[in-house]
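Reader: Hello! I would like a close look at one part of this model, with its surroundings, and I am happy to read a long answer. Could you walk me through the sheet and then the loops that catch your eye?

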Amino acid sequence: MRLRNLVATAAVAALLAGCTNDTLDTAAVDLSTVKNKTEYQLSSKMAAKMSELGMQKTSPIALRIFKEEGTLEVWKANTSNRFQLLKSYKICAWSGKLGPKVKEGDRQAPEGFYPLFPQQLNPNSKYYLAINTGYPNTYDRANGRQGTHLMIHGACSSSGCYSMTDEQMIEIFAMARDAFKGGQQSVQLQAFPFRMTAENMARHRNNPNIDFWNMLKVGYDQFEVTKRPPEINVCEKKYVFNQQGSAAFNPGGTCPAMSTPPALQMAMSTFEKGYKLDYDKAMKKYDGMVWYEPSEAERKAIVAKQRAGRELAYAPTGSSIDAGKLMKASDLEKKLAAQKEAEETKLAVEIQKKELEKATQGGTHVPVPAANPIPQPVLQAAVEQPAKKSFWSLFSRSEPAEQAQAPAQAPEQQAAVQPQVQPAGAAAKQARTAGAPQKAQPENTAVASANAEGTVEPTTDAPVAVEEPPKKRPFWKIWGN
């Protein structure tokens, strides 16, 4: 019955697919005046907007999220059961990058189609108010994806969630509460990486998640055409939209024989022809260019000023469109290679740090280096030994002390120096023997100079008088006259 009603409006909706309503982008709520946040009543301005669009206060709603644009939209059914955009909110924070959540702790926010039930509204959340997304859904479980406590909540702080401001959250919570009171059994949450237009799909064609996004796009397109949330089933671990099956759908099993209602099929055929023309045009525009998807840190950097003067928990993440950019394929390849190298270096440093902490038992004990197993040669300085004196020289009075203590010299050096240097003791004895004072010798014969090789040479070629040393006295005459 629902599919018949859906296709009955498909043709008209296709003509109106480009029409949207003005949105109220801000939540003008003074929380200080709210006594009971779970019973908050929408403002008179919001009530007037719903009346203008032919909507009742308790009519069904649908939520749509677009990560790249950083937008959460509330769509509401009018009296003809066709959904129209009621209000658009700027998402304050979402973590990770574009792409689905796969496992616990990956900081990714979910992408896909999620049914929200009344019990998923949490009025006692520590993040003001919250709505559990229901992740993992049937599709996620069929594909082995894991994660818990993925919410739409307040406080503007995210770790895998979609976080709003408290003022925004109190309005979203109130609209879901009123829809459940009106009899809606589940609210459909559609979470997309971006608006799946032909240009955006062409821009992200090289993203590794493109196959997953092409699957989501089928449901996206059908909502764009019909303005009705699509019926969701899962088989062969894939989403199927608005399909009539010959048997029950088994998420992990083979899909049954399926058929699309003729009116919907015709409307989608017309839509897809126009889409193909737009896609081909976009491909020419982006020829040779690829989109660089920014990290969460890069998104946060462009909105850093928004955090000034606020609590630490307030952490907006910014828009991927503002932080990302188009690049040449070669430039992007170099950029990604540099990022990968930096990440590997950081990981290596962390591993070394952990190993060091483990080796030092948490930093309390420092290991003593082991001895080098390779024997090292012992180097000994050559110590010059004084020349040994003969036994008979101990009793000689005429041998100068300076000569006895002089270091040994090479024979050639001795030959060069000894004839030219007169011992001071001998000269003094000769002067006393002669009975006359010793005469000073002329400068040209008595003064010696050092040459570059360190030997002593006379300043002239004149012969130098050499005084012979006194003869040694015999041993038995030491005590005699």
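Author: With pleasure! Let me begin with the labels: helices and strands here are DSSP runs, of at least four residues for a helix (H or I) and at least two for a strand (E), numbered from the N terminus. Please keep in mind that this is a predicted model.

A little background helps. The protein chain contains 15 helices and 18 strands, and 37% of its 481 residues are buried. If we take contacts between residues at least 6 apart in sequence, 62% of them join residues at least 24 apart. The accessible surface of the chain is about 29400 Å², with 55% of that belonging to carbon and sulfur atoms.

Now to the sheet. Five strands form an open sheet with mixed pairing, and their order is β3-β2-β1-β10-β5. The edges are held by β3, residues 83–90, and β5, residues 112–116; each has a single partner strand, so one side of each has no neighbour in the sheet. From one strand to the next, the twist averages 20°.

At the β5 edge, the partner is β10 (residues 187–192), and the two pair in the antiparallel sense over five bridges. If you would like a pair to look for on screen, take Phe-113, whose bridge partner in β10 is Gln-190. A helix packs on the sheet as well: α3, residues 44–52, touches β2 (71–77) and β3. The direction of α3 makes about 150° with that of β3.

The loops deserve a look at their backbone. Which residues are joined by a cis peptide bond? They are Tyr-135 and Pro-136, with omega at about 0°. You will find Pro-136 in the loop between β7 (130–132) and α4 (138–142).

Tyr-128 sits in the loop between β6 (121–122) and β7. Its phi is near 75°, a positive value in a residue other than glycine. Is Tyr-128 buried or exposed? Its relative accessibility is 18%, and buried means under 20%, so Tyr-128 counts as buried.

Glu-236 gives you another positive phi in a residue other than glycine, this one near 50°. Glu-236 belongs to the loop between β11 (232–235) and β12 (238–241). With a relative accessible area of 36%, Glu-236 is partly exposed, whereas Tyr-128 is buried.

How values were computed. Residues are numbered from 1 along each chain as its sequence is written. This is a predicted model: local features need pLDDT of at least 70, side-chain atom pairs count only at pLDDT 80 or more; totals for chains, interfaces and linings use all residues. Side-chain values use heavy atoms; hydrogens and water are left out. Buried means under 20% relative accessible area, exposed over 50%, partly exposed in between (1.4 Å probe, protein chains only). Contact means heavy atoms within 4.5 Å. Accessible areas come from the Shrake-Rupley method with a 1.4 Å probe; for residues, only the protein chains shown count as cover. Two strands pair if DSSP finds at least two bridges between them. Axes are lines fitted to C-alpha atoms, for helices over the stretch in contact, and angles run from 0 to 180 degrees between N-to-C directions.
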